[in-house]
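Good morning, and thank you for making time for this presentation. I should like to take you through one structure, beginning with a single side chain and working outwards.

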Amino acid sequence: PETWLQALFSTTFTAPLAPYHLEFWRWLWALRAVGPGPDGANTHVAVWARGWAKSSCIETGVIALAAHSKRRYGWYICSRQSQADDHMTTVSDKLTAGKVGEWYPDLAAAKLQTVGDRTRQLGWRRRRIWTEDGFVLDALGLDSAVRGAKLGDQRPDFMILDDVDEELDAEGTIARKELALTRKLIPAAAPGCVFLVAQNLVHPNGLVTKLVDGRATYLGSRTVSGPHKAIDGLVYVGTGTQAIIMGGVPTWEFMGKEVCQAKIQDAGIDSFLAECQHEVSLLGEP
């Protein structure tokens, strides 16, 4: 995967990947067209610090699945429809810009339908990407998920869960999200569907937090990678934006202590601990 990423997305992946990035990419790279991942689980949960290339890897991973015909129809699921739409825009930009069109021309072109002497475009709008080679990606928000959503008779063979939790989710909101996920979305999956979950921990009782600590009653066949902190063994002194990192080992050399210190100076140590160290207790109660 590292060679493929450098060949097609060298402007995005400008630094060597961290071990947990490689773990994700090698899991995805080894997927077959049907069935679980190489570890026997159908769900991979990646819990990384915020800003540590989570969405870049997930969005580009969608293209990898399409390019190698590992999966043909997927859902990109977020907490809100607007978030899912934004991720779709980024995936669209990655497909149509750079070198994807050189290597996979039918993946960078929209699906066309010809009826008589007229041709119309079937895909490539805000909530659906439908490429000439038949790959389809739909954007769905947990706030607008529809029971029975599918493409004709085709059900999704992969689902992305990205940014499904928000800091101020009330317990009722979490319950509604879990109902949407377990009653509308997961039951609509095709046999052999895989699920890719990626987020930093943002809520003590969020969907991803429950997947990590074992409380979740869904996606039982899962491998959890993380939570991976920005700095292992973090030691600091001071408070607020004046806190100073005194010790610890960065988990990704590209985002070293100087970068982390700059984040503390911008947003404060409590924000860094919550967003980059997964200390969800510091987020407070909704």
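Let us begin with S79, whose side chain makes a polar contact with the side chain of E166, at 2.7 Å. Please keep in mind throughout that this is a predicted model.

Where does S79 lie? It is found in the loop that runs between β2 (73–78) and α4 (81–96). Is S79 buried or exposed? Its relative accessibility is 3%, and therefore S79 counts as buried. If we set aside the neighbours within four places in sequence, S79 is in contact with G141, L142, D143, D162, D163, V164, E166 and K177. E166, the polar partner of the S79 side chain, thus appears again in that list of contacts.

A second serine deserves the same treatment. S225 is located in strand β9, which covers residues 222–225. With a relative accessible area of 2%, S225 is buried. Which side chains make polar contacts with the side chain of S225? One is that of E23, at 2.7 Å, and another is that of H228, at 2.9 Å. Not counting residues up to four places away in sequence, S225 touches Y20, E23, H44, V45, A46 and V47.

I turn now to the nonpolar interior. In soluble globular proteins, nonpolar side chains tend to be buried together. In this model, the largest nonpolar core has 60 residues. Which of them touch the most other members? They are W4, W25, W52, L107, L137 and F272. The element that gives the most to this core is helix α3, residues 54–67, which supplies 8 residues. There is also a second, separate core of 29 residues, and its members include Y73, I77, M159 and L161.

W25 merits a closer look. Leaving aside its neighbours within four places in sequence, W25 is in contact with P1, W4, L5, F13, L17, C57, T60, G61 and A64.

That brings us to the aromatic residues. How many aromatic pairs does the structure hold? The number is 10. W4 and W25 form one such pair, with 6.4 Å from centre to centre and 50° between the planes, and this pair is classed as tilted. The pair links distant parts of the chain: W4 belongs to helix α1 (residues 2–8) and W25 to helix α2 (residues 19–29), and the two are 21 residues apart. Both partners are in the interior: W4 is buried at a relative accessible area of 8%, and W25 is buried at 0%.

Y73 and W75 form another aromatic pair, this one edge-to-face, at 6.5 Å centre to centre with 90° between the planes. Y73 counts as buried at 0% relative accessibility, and W75 is buried with a relative accessible area of 1%. Y73, as I mentioned, is among the members of the second core.

Beyond individual pairs, ring pairs link W4, F9, F13, Y20, F24, W25, W29 and W48 into a cluster. Y20 in this cluster is also one of the residues that S225 touches.

A word on the cysteines. A disulfide is a covalent bond between the sulfur atoms of two cysteines. The structure holds 0 disulfides. C57 is in no disulfide, and the nearest cysteine sulfur, that of C276, is 16 Å away. C57 counts as buried, at 0% relative accessibility. For C260, which is likewise in no disulfide, the nearest cysteine sulfur is again that of C276, here 6.5 Å away. C260 also counts as buried, at 0% relative accessibility.

Finally, the chain as a whole. The protein chain contains 9 helices and 11 strands. Its C-alpha trace spans about 70 × 45 × 35 Å along the principal axes. What radius of gyration would a compact globule of 286 residues have? It would be near 19 Å, and the protein chain has 20 Å, which agrees. Of the 286 residues, 51% are buried. Among contacts in the protein chain with a separation of 6 or more, 71% are between residues 24 or more positions apart.

To close, I would return to the two serines: S79 counts as buried and its side chain has a polar contact with that of E166, while S225 is buried and its side chain has polar contacts with those of E23 and H228. Thank you for your attention.

Key
Residues are numbered from 1 along each chain as its sequence is written. This is a predicted model: local features need pLDDT of at least 70, side-chain atom pairs count only at pLDDT 80 or more; totals for chains, interfaces and linings use all residues. Side-chain values use heavy atoms; hydrogens and water are left out. Helices (H or I, at least four residues) and strands (E, at least two) are DSSP runs, numbered from the N terminus. Buried means under 20% relative accessible area, exposed over 50%, partly exposed in between (1.4 Å probe, protein chains only). A polar contact is a pair of N or O atoms within 3.5 Å; within protein, one must be able to donate a hydrogen and the other to accept it, and residues adjacent in sequence count only if both atoms are side-chain atoms. Contact means heavy atoms within 4.5 Å. A nonpolar core is a set of buried Ala, Val, Leu, Ile, Met, Phe, Trp, Tyr and Cys residues joined through side-chain atoms within 4.5 Å. Rings of Phe, Tyr and Trp (its six-membered ring) pair if their centres lie within 6.5 Å; planes under 30 degrees apart count as stacked, over 60 as edge-to-face and the rest as tilted. A disulfide is a pair of cysteine sulfur atoms within 2.5 Å. The radius of gyration is taken over C-alpha atoms; the globule rule is 2.2 Å times the number of residues to the power 0.38.
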